[in-house]
Each structure stands twice: as structure tokens, then as C-alpha cells.
Amino acid sequence: MTDTVSITPIILCGGSGTRLWPLSRRSYPKQFSALVGEGTLFQASVRRVARRGYRKPVVVTASDFRFIVTQQMAEAGVDPAAVLLEPEPRNTAPAILAAVLHIVETDPGALVLVTPSDHVVGDGDAFDAAVMAGTGAAREGQIVTFGIRPDRPETGYGYLEIEHGGGGPLPLSRFVEKPDRTRAEAMRADGRYLWNAGLFLARADTLIEAFQTHAPAVFDAVRRSVAEARADLGFRRLDPVAWSEAEDISIDYAVMERAEGLSVVPFDGGWSDLGGWEGVWREMPRDGDGVATRGPVRALDCRNTLLRAEAEGQVLVGLGLENMIAVAMPDAVLVAPLDRAQELRRAVASLKEEGARQATEFPKDHRPWGWFESLVLGDRFQVKRIQVNPGAAMSLQSHHHRAEHWIVVQGTAKVTLGDDVTLVAENQSVYIPLGTVHRLENPGKVPMVLIEVQTGAYLGEDDIIRYEDGYGRG
């Protein structure tokens with residue numbers, strides 16, 4: 001696929017992930033999880049374009065996800081051209097435009113491929129073939145979309161209506177909103193309707209002109225946000241004032257449904273946006289009874305069921321289940337009929353109204369140096385498990401309201417305590433008195449794990465004073 005070297009991928013990496021709760025949450029959405037196959041959805045997305053000769057990708061993500069993005073890209077062996085940080089979610093239109101404007105600063109004639117980071121593509125070669133089929137039309141100034149031939153009457157996707165024809169590109173007649181079941185069955189039988197995959201291929205200047213024509217207010221706000229962007233470590237942080245003036249709108253509504261000269265390449269290489277647990281069940285290996293499992297689970301006399309256990313020490317048992325989902329996390333469990341998976345937004349909204357932390361926060365709190373999780377929380381004490389990545393360090397800090405005990409259970413910790421610096425090996429511990437300036441580092445080449453016992457009147461994460469920080473945090 002030699003021609004892919006002229007294409008710059010734009011990978012969209014935002015989203016809240018409520019339709020795959022409890023595994024996917026606002027603080028850790030689905031693209032960062034290993035839902036199907038090896039590695040995460042995001043890693044599969046970057047590998048898909050990296051190993052096939054495309055240019056380095058431009059990633060657009062939220063500030064809270066910036067270190068997760070770079071860590072997972074490093075694990076995937078992919079180096080980004082840039083990582084743009086959105087000050088707040090503004091949907092796909094502003095995100096795509098920001099990446100395009102950034103790219104044209106150094107490559108005015110760029111050909112760009114816009115791809116989400118949370119979709120599954122089964123056949124990478126077929127994906128490349130579809131992209132190549134659209135490059136000629138894109139170079140001639142068309143915006144090329146990609147449509148999936150439906151294999152079932154799906155009501156959770158938008159559709160593209162095309163003219164009858166071969167492999168494409170074919171003229172796009174219109175976008176069609178998510179249909180009801182009867183309409184979806186008729187559209188599948190018709191043969192002129194494809195699922196909208198949310199992928200776009202076009203020249204950068206074509207997209208810019210389309211925004212200027214059909215969404216000038218969005219274009220002006222995003223243009224100013226990109227122009228005023230500032231460097232932050234290895235990231236580009238978009239200007240928040242101008243960004244806040246951009247409309248929260250999808251690329252379909254802002255541009256695609258208004259633009260002329262759009263074409264579609266049909267794609268048959270296996271695709272899913274994993275928009276719900278039913279989609280995950282369809283993509284996972286299933287036994288002869290249609291049962292898909294992951295983690296420490298036991299399925300007894302079950303049919304057409306998904307069982308997943310995501311925590312160490314759990315055992316999830318399904319007995320006599322049919323057409324069901326059961327997903328067990330350390331802090332939340334979902335049990336629901338398979339055909340009602342699309343209603344999860346309502347359940348998550350109810351939890352948010354009650355102030356339940358599980359509605360939005362992931363059990364593991366990911367930080368630039370590693371992660372931690374709370375094991376026990378009681379009156380005036382908390383027990384955490386903390387992992388510090390090789391070569392990483394926490395900020396130099398102190399606390400007003402709590403003292404801490406650290407017991408190293410894996411690796412070696414380098415501990416700064418006031419003016420003293422010591423190495424703490426496995427099975428050794430150290431005490432950090434309230435108010436003492438301290439820092440925790442991992443000088444080794446393997447992850448360092450410790451158990452932290454906090455004691456004090458207030459144990460919130462905001463009880464921290466940072467004196468030095470290598471990650472640009474205040």
C-alpha cells in the first residue's frame with residue numbers, strides 16, 4: 001500500500017463511554033480498554049495506520065487523557081505527529097477541524113483520514129483497500145465517506161444512502177438517521193443503504209473550505225483556538241477561550257449533510273463501533289451456545305450470553321442465563337438483557353443524580369506516573385494500591401490533613417522525605433508524617449507497587465501542595 005504514505009491520519013480520542021458502563025466511564029472511556037482481542041481499541045486504531053505506511057497520526061483528546069494516550073501509544077510502538085488537547089468536549093466537528101488546521105501549518109496539501117479510536121476493524125488489508133479506493137476522489141476535491149454493508153437490521157447506527165453500484169466511490173444521496181426496526185429491515189433488503197462508519201478521507205483544504213462555507217462560526221472559533229494554542233510538555237493545548245465559543249456539533253450536522261460532492265466507498269472488512277454490550281458480544285469469540293466470556297467466569301447452561309469479570313480475585317458464575325449480559329467490576333456490577341443494552345445511558349444518568357462515584361469514575365485512577373486504586377475506605381483511614389511506572393516520579397508534595405505509611409511489595413522505591421533520600425526495597429516500609437515534604441520515585445526498570453495507608457481527618461485527593469512536578473500540574 002505504497003500510496004498510504006501521503007495520508008495523515010487524524011485519530012479522535014474523546015468520548016464518555018456510558019453505553020459500555022461499568023467498564024467504560026467518563027474518567028476512562030472504552031477506547032482505553034481491552035474490550036476485544038489483544039490490546040486496547042485505541043492501540044488497535046493507531047497500529048492499523050502505523051504499520052501500513054501512513055504518516056504519523058495527529059491525535060485529538062481531552063487533557064485528562066493525555067498521559068494515557070502517550071503511554072498506550074508508546075506501548076503500541078507508535079510515535080504521534082502531535083497530540084492536541086481539547087479544553088472541553090465539543091463533539092467531532094471542532095475536533096476534526098482543529099487537527100486539520102494544525103496539519104496545514106506544515107503541510108498545506110495534506111490528504112487526511114479521519115478515524116475514531118474506539119471502533120473495531122476486522123480486516124486491515126480490506127481497510128487499506130477501501131482507503132485506496134477513495135484516494136482518487138479525495139485528491140479531486142471530494143469528501144469521501146465509508147459505509148458498511150449491513151448484515152442485520154441495526155437500529156443503533158446512522159445510514160448512508162447510495163446509488164447502486166460496485167466498490168465505489170459512489171455518489172452519496174443522503175444521510176439517514178437511526179431507523180426503527182421495521183425501517184432498518186426494509187433498508188437492508190433494499191441494498192442502497194450502508195451503515196455510517198464515521199470515517200472520512202479528504203484533502204485538508206477541501207475540509208477547510210467546507211467549514212468556511214457551512215459552519216463559519218465553528219471555523220472562526222476553532223481557527224483562533226489553534227492559532228493561540230500553546231505547547232505543554234509534548235502536547236499542543238488548544239486555547240480554551242476561543243474553543244468555548246465553538247458550537248458543540250458533530251461533523252455530520254455541521255458539514256457533511258450540507259456539503260455537495262460527497263462519495264461513499266462500501267467496506268466489507270468487518271466493522272463495529274462497539275456502541276453497546278451487544279456489539280461487544282458480537283465481536284467476541286463465542287462457544288456453540290453463543291456464550292462469550294472474559295476473565296474468571298463460569299457459564300453453566302447459558303445461551304447467547306456475555307459474562308465478563310474484570311477484577312482480581314473475582315469469580316462470576318452464570319447459571320441458566322439466556323440473552324443476558326453480566327459484567328462485574330470491583331465497584332459495580334451490570335446485569336441486563338442483551339437486547340436492552342442501549343438503555344444504559346438511563347441507568348448511568350440515574351446513578352449520577354444520586355451522586356454515585358461509580359457513574360463516572362473508574363476504580364483505577366490513572367496518573368502520568370502510573371495509577372492507584374482504593375482498596376478500603378473507612379472513618380479517618382484509607383488503604384490504596386499504587387503502581388509507579390519505571391523511571392517515573394510523583395510530584396514533590398505535602399499534605400495538610402493526612403499522614404501516610406508506604407509498604408513496598410514489588411520493586412524498589414526512591415523516597416524523598418524532607419532533606420533525606422533513601423531506597424526502600426520490597427517488604428520494607430516508610431512513614432510520612434503529616435505536613436512533611438516528600439516524593440516517591442521508581443528508579444528501576446520494572447513497575448514498583450506499594451500499599452499506602454492514609455490516616456487523618458480528611459483524605460480527599462485535593463489535599464495536596466505541589467512544590468515540583470514533571471508533568472506540568474499546579
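Reader: Which residues is Phe175 in contact with, leaving aside its neighbours within four places in sequence?

Author: The model is predicted. In it, Phe175 is in contact with Tyr159, Leu160, Asn196, Asp252, Met256, Glu257 and Leu262. Phe175 itself is found in strand E8, residues 170–176.

Reader: Why is Phe175 called buried?

Author: Its relative accessible area is 15%. Buried means under 20%. Phe175 therefore counts as buried.

Reader: How far apart are Phe175 and Ala110, in sequence and in space?

Author: They are 65 residues apart in sequence. C-alpha to C-alpha, they are 26 Å apart in space.

Reader: Now the helices. Why are H1 and H2 called oblique to each other?

Author: Helix H1 (residues 41–50) and helix H2 (residues 66–76) pack at an angle of about 55°. Angles under 35 degrees count as roughly parallel, and 65 to 115 as roughly perpendicular. The value of about 55° falls in neither range, nor is it over 145, so the pair is oblique. The axes are 9 Å apart, and H1 passes H2 in a right-handed crossing.

Reader: Which residues make the contact of H1 with H2?

Author: H1 brings Phe42, Gln43, Val46 and Arg47. H2 brings Val69, Gln72, Met73, Glu75 and Ala76. By class, they divide into 5 nonpolar, 2 polar and 2 charged.

Reader: What makes H3 oblique to H7?

Author: Helix H3 (residues 92–104) and helix H7 (residues 216–227) pack at an angle of about 50°. Roughly parallel needs an angle under 35 degrees, and roughly perpendicular starts at 65. About 50° meets neither condition, so H3 is oblique to H7. Their axes are 9 Å apart. The crossing of H3 past H7 is right-handed.

Reader: Which residues meet there, and how do they divide by class?

Author: Pro94, Leu97, Ala98, Leu101 and His102 in H3 meet Val218, Phe219, Val222, Arg223 and Val226 in H7. The classes are 8 nonpolar, 1 polar and 1 charged.

Reader: Which residues touch the most other members of the largest nonpolar core?

Author: Phe42, Phe146, Leu201, Trp277, Val280 and Leu440 do, in a core of 87 residues. Phe42 also belongs to the contact of H1 with H2. Leaving aside neighbours within four places in sequence, Val280 is in contact with Leu20, Leu35, Val36, Leu274, Leu306 and Arg308.

Reader: How many residues are in the other core that lies apart from the largest one?

Author: That core has 51 residues, among them Ala99, Val112, Val114 and Val218. Val218 is also one of the H7 residues that meet H3.

Conventions: Residues numbered from 1 in each chain as written. Predicted model: local features only at pLDDT ≥ 70, side-chain atom pairs only at ≥ 80, totals over all residues. Heavy atoms only, no water. Axes fitted to C-alpha atoms, helices over the stretch in contact; angles between N-to-C directions. Helix = DSSP H or I, 4+ residues; strand = E, 2+ residues; numbered from the N terminus. Left-handed = near helix turned anticlockwise from the far one by under 90°. Contact = heavy atoms within 4.5 Å. Nonpolar A, V, L, I, M, F, W, Y, C, P; charged D, E, K, R; others polar. Core = buried A, V, L, I, M, F, W, Y, C linked by side-chain atoms within 4.5 Å. Buried < 20%, exposed > 50% of the residue type's maximum accessible area, 1.4 Å probe, protein only.
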